[in-house]
Amino acid sequence: MLPYQLLSGIYMGWALGRNDSSNIFGPAIASKSVKVHQAIILCAFFVIIGSVLQGAAGFATIGSLTNLTLTTAFITSLAAGLTVTCMNLVKLPASTSQAIIGALLGVGILKAQKIDFLSLDKVLICWVTTPLMAALAAYILYKIIALIINALPVNIFTQDKIIRIGFFCAGCYSAYALGANNVANVTGVYVASSLLEPWLAALIGGVSIALGVFSYSKKVMFTVGKRLVALDPYSAFITMLSIGFTVHFFAFVGVPVSISQAVIGAVLGIGILKGVQTINLKILFLVLFGWIGTPLIAIALAFCLTYLSAII
Amino acid sequence: MNFLWKKEKSIIAKIEQYLQECDTCRDRFHACMKKMITMNNSSAEDKLIKLVHESESKADDLRREIEYELYNKALIPESREDILNILETLDVIPNTFEEICFEMCLEKIQISAPFKQGFLTLVEKNLHAFALIREAIAGLFYKKMDVMDRIHSVDQYESEVDKIERDLIGQVFASDLSKADKILLRQIIKNIAQISDLAQAVGDKLTIAIVKRRI
């Protein structure tokens, strides 16, 4: 029997899956390359595979930030999950990675725990480099794949087929990368508090993200997908692939990063390449808000929940 | 993997069929115009006119089937839009073939001896422009040749046709024909010359599709 404290982690995983899955298969759905139910099943499947096969690396980073007990792990997950939900309600882009780190800091500070600033520095550097790396990946991938496609004697139908297969593969790959990178946000605190073995934490985390993917609305997937497809199908495919590469890279590094910020970076890279301004002040504000605002909200919520738990 | 691309294969086959039907319509129109210009035979019962009408209707039916299948979620929206634009613009040409035949027939248009050669040249040049654009479309759809070369040749033909059209109208109005006959002939000349204009319009759509796909 699993303890009730795990419920906040499952809730966090659900919030993560619901929040991030639109970025993964949205363009494929909007371009009609993949049907919604196929996308949901594929996304959920590859998220679980990614979590189980490669998710363990992030657990160490989450666990190294501060000391956690089962209760503080529960509070941390709940605060991070609520942060994501609140931000979704007020239609602000939420990053689960930034929410969980904020919540961890909140709990750590309030409980006068030692904060490992070396690990925190590593996390902060990864956050800042995520959009930059996605932009670079988009730039390079765009050039390389264009060289290959242009060298092939392809007609309009073959090119269409390449793009659709590309959407499909990039979607599966990004879902795998999301699982590998972000599962630590979901159950990392339970590994740190010695409640779960890494393999079980990866499995439970992956399944709870998949639950979030299943509860995702078709309408939002279309909206997010169309925003990316508006670039042009090839650029949208490159954007998806760059997200996958970037998030997967940070899965190897072992630092959970924001998939939404990887999207912004990839779109920026495409914009630079095409000489089009794809990023405006509002988007820059949202990135900065993700880096600063999200952790602050999570810290505040973690404070409140810790106080409440002390009273109860 | 083949089952995954069933819809595409069906569309590709239908487009090929449609283009072949356009070719048939062009050949029948050519034969019909030759007969009407050289023999002044513009009977409504003429078998050739019926044949032109038949192939035009068949091409129309095929185009509708292609549109239906394209809207039925085959291909990404951008490819779908480009293919539909190209086919819809191209489809005006067989319609024009049919209209010219009926016009010649219903208005009992007789081409006087001095203009016969001019009319034949005008028809042939226009049909050549159509043949080139037909090749260019096949190039885009099946990558059989350089599309931009063909589009460029269509533009050249269109300029030539414009000159022939102006010369022919000038000759008609300089002749002793009645005002009414002159006006009828001018209208026919303009309608025939429209074929190369339409071919050029298809060329423009093709160019857009190609440029959009340049990575």
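Which residues of α8(A) are buried?

## Helix α8 and its surroundings

In this predicted model, the buried residues of α8(A) are A:Ala201, A:Ala202, A:Ile204, A:Gly205, A:Gly206, A:Ser208, A:Ile209, A:Ala210, A:Gly212 and A:Val213. Among the elements that cover these buried residues are α1, α2 (36-54), α3 (56-65) and α7 (156-192) of chain A.

Helix α8 (residues 198-214) of chain A has 17 residues, which at 1.5 Å a residue should span 24 Å, and this agrees with the 24 Å that separates its end C-alpha atoms.

## Packing of α10 against α11

The axes of helix α10 (residues 233-253) and helix α11 (residues 259-274), both of chain A, come within 9 Å and cross at roughly 130 degrees. Because angles over 145 degrees count as roughly antiparallel and 65 to 115 as roughly perpendicular, α10(A) and α11(A) are oblique to each other, and their crossing is right-handed.

On the side of α10(A), the contact is made by A:Ser235, A:Ile238, A:Thr239, A:Ser242, A:Ile243 and A:Val247, while α11(A) contributes A:Ile259, A:Ala262, A:Val263, A:Ala266, A:Val267, A:Ile270 and A:Lys274.

## Aromatic pairs

Over all chains, a search of the whole structure finds ten aromatic pairs. One of them joins A:Tyr4 and A:Phe74 in an edge-to-face arrangement, with 5.8 Å centre to centre and 65 degrees between the planes. This pair links distant parts of the chain, 70 residues apart, since A:Tyr4 lies in the segment before α1 (6-30) of chain A and A:Phe74 in helix α4 (residues 70-89) of chain A. With a relative accessibility of 56%, A:Tyr4 counts as exposed.

Elsewhere, ring pairs link A:Tyr142, A:Tyr234 and A:Phe237 into a cluster.

Conventions. Residues are numbered from 1 along each chain as its sequence is written. Chains are lettered from A and ligands numbered from 1 in the order in which they are written. This is a predicted model: local features need pLDDT of at least 70, side-chain atom pairs count only at pLDDT 80 or more; totals for chains, interfaces and linings use all residues. Side-chain values use heavy atoms; hydrogens and water are left out. Rings of Phe, Tyr and Trp (its six-membered ring) pair if their centres lie within 6.5 Å; planes under 30 degrees apart count as stacked, over 60 as edge-to-face and the rest as tilted. Helices (H or I, at least four residues) and strands (E, at least two) are DSSP runs, numbered from the N terminus. Buried means under 20% relative accessible area, exposed over 50%, partly exposed in between (1.4 Å probe, protein chains only). The expected span of a helix is 1.5 Å times one less than its number of residues. Contact means heavy atoms within 4.5 Å. Axes are lines fitted to C-alpha atoms, for helices over the stretch in contact, and angles run from 0 to 180 degrees between N-to-C directions. Angles under 35 degrees count as roughly parallel, over 145 as roughly antiparallel, 65 to 115 as roughly perpendicular and the rest as oblique. A crossing is left-handed if the near helix is turned anticlockwise from the far one by less than a right angle, and right-handed if clockwise.
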